[in-house]
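The following exchange is intended for a reader meeting this structure for the first time. Each answer sets a value against the criterion that gives a term its meaning.

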Amino acid sequence: MEIFVTAVTIFVLAIFVGFEIITKIPPILHTPLMSGSNAISGITLIGALYAAGIEESNITKILGLLSVIFATINVVGGFLVTHRMLGMFKKKDTPK
């Protein structure tokens, strides 16, 4: 029970710290930081795959599967947003 309380406490603190950090980032830094966070999200996906493969109980499998789904959405969505943002900086063809 003590381990569960510690884990929940760390999780809640991480939510607050993450929210505070994200809200303080200026918009001009969003795209470069998004690219870097996509690489970190890839590591999260690997951890989610590992969690999904542990066969301790059914709840572990379900939470692992949900982790894989959400991590995949995060990685793919992040790369799509970054690709779109970088497309805004390409030169436009000017008519002659």
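**Terms and the values behind them**

Met1, Phe4, Val5, Val8, Phe11, Val12, Ile15 and Phe16 together make a nonpolar surface patch of about 850 Å². The model discussed here is a predicted one.

Q: What makes Ile15 partly exposed?
A: The relative accessible area of Ile15 is 44%. Partly exposed covers the range between the buried limit, under 20%, and the exposed limit, over 50%. Ile15 is therefore called partly exposed at 44%. This residue lies in helix α1, which spans residues 2-23.

Q: Why does Phe16 count as exposed?
A: Phe16 has 56% relative accessibility, and exposed means over 50%. The value passes that limit, so Phe16 counts as exposed. Phe16 is also found in helix α1, and its C-alpha atom is 30 Å from that of Ser57, a residue 41 positions apart from it in sequence.

Q: How do you know that Glu20 and Lys24 meet in a salt bridge?
A: The nitrogen-to-oxygen distance between the two side chains is 3.3 Å. A salt bridge requires a side-chain nitrogen of Lys or Arg within 4 Å of a carboxyl oxygen of Asp or Glu. The pair meets this requirement, and therefore it is called a salt bridge. A search of the whole structure finds 1 salt bridge.

Q: Why are Glu20 and Lys24 given their exposure classes?
A: Glu20 has a relative accessible area of 40%, whereas Lys24 stands at 60%. With exposed set at over 50% and buried at under 20%, Glu20 is therefore partly exposed and Lys24 is therefore exposed.

Q: What makes Gly36 and Ser37 partly exposed?
A: Gly36 has 38% relative accessibility and Ser37 has 28%. Because partly exposed lies between the 20% and 50% limits, both residues receive that label. Gly36 lies in helix α2, and Ser37 has its place in helix α2 as well.

Q: How far are Gly36 and Ser37 from their partners Gly78 and Val75, C-alpha to C-alpha?
A: Gly36 and Gly78 are 9.9 Å apart in space, with their positions 42 residues apart in sequence. For Ser37 and Val75, the C-alpha separation is 8.7 Å, and they are 38 residues apart along the chain.

Q: Why is Ile54 called partly exposed?
A: Ile54 has a relative accessible area of 24%. Buried means under 20%, so Ile54 falls outside that class and is partly exposed. Ile54 is found in the loop between α2 and α3. The C-alpha atoms of Ile54 and His83 are 34 Å apart, and the two residues are 29 apart in sequence.

Q: Which residues line the second largest pocket?
A: Its lining consists of Ser41, Thr44, Gly47, Ala48, Ala51, Leu63, Leu66, Ser67, Phe70, Ala71 and Asn74. Two or more of the lining residues come from each of α2 (30-53) and α3 (58-87). The largest share, 6 residues, comes from α3. About 240 Å³ of space lies in this pocket.

Q: How do you know which classes the lining of the second largest pocket has?
A: Ala, Leu and Phe count as nonpolar, while Gly is among the polar residues. By class, the lining has 6 nonpolar, 5 polar and no charged residues. Charged residues are Asp, Glu, Lys and Arg, and therefore the list of lining residues, which names none of these, gives no charged residues.

Key. Residues are numbered from 1 along each chain as its sequence is written. This is a predicted model: local features need pLDDT of at least 70, side-chain atom pairs count only at pLDDT 80 or more; totals for chains, interfaces and linings use all residues. Side-chain values use heavy atoms; hydrogens and water are left out. On a 1 Å grid over the protein atoms alone, a cavity is a set of points where a 1.4 Å probe fits but cannot get out, and a pocket is an open set with protein on both sides within 12 Å along at least five of seven lines; lining residues have an atom within 4 Å of a point. Grid points are joined across faces, edges and corners, and a volume is the space filled by probe spheres set on the points. Helices (H or I, at least four residues) and strands (E, at least two) are DSSP runs, numbered from the N terminus. Patches are made of residues with over 30% relative accessible area and no salt bridge: like charges are joined within 9 Å, nonpolar side chains (Val, Leu, Ile, Met, Phe, Trp, Tyr) within 5 Å. Accessible areas come from the Shrake-Rupley method with a 1.4 Å probe; for residues, only the protein chains shown count as cover. Buried means under 20% relative accessible area, exposed over 50%, partly exposed in between (1.4 Å probe, protein chains only).
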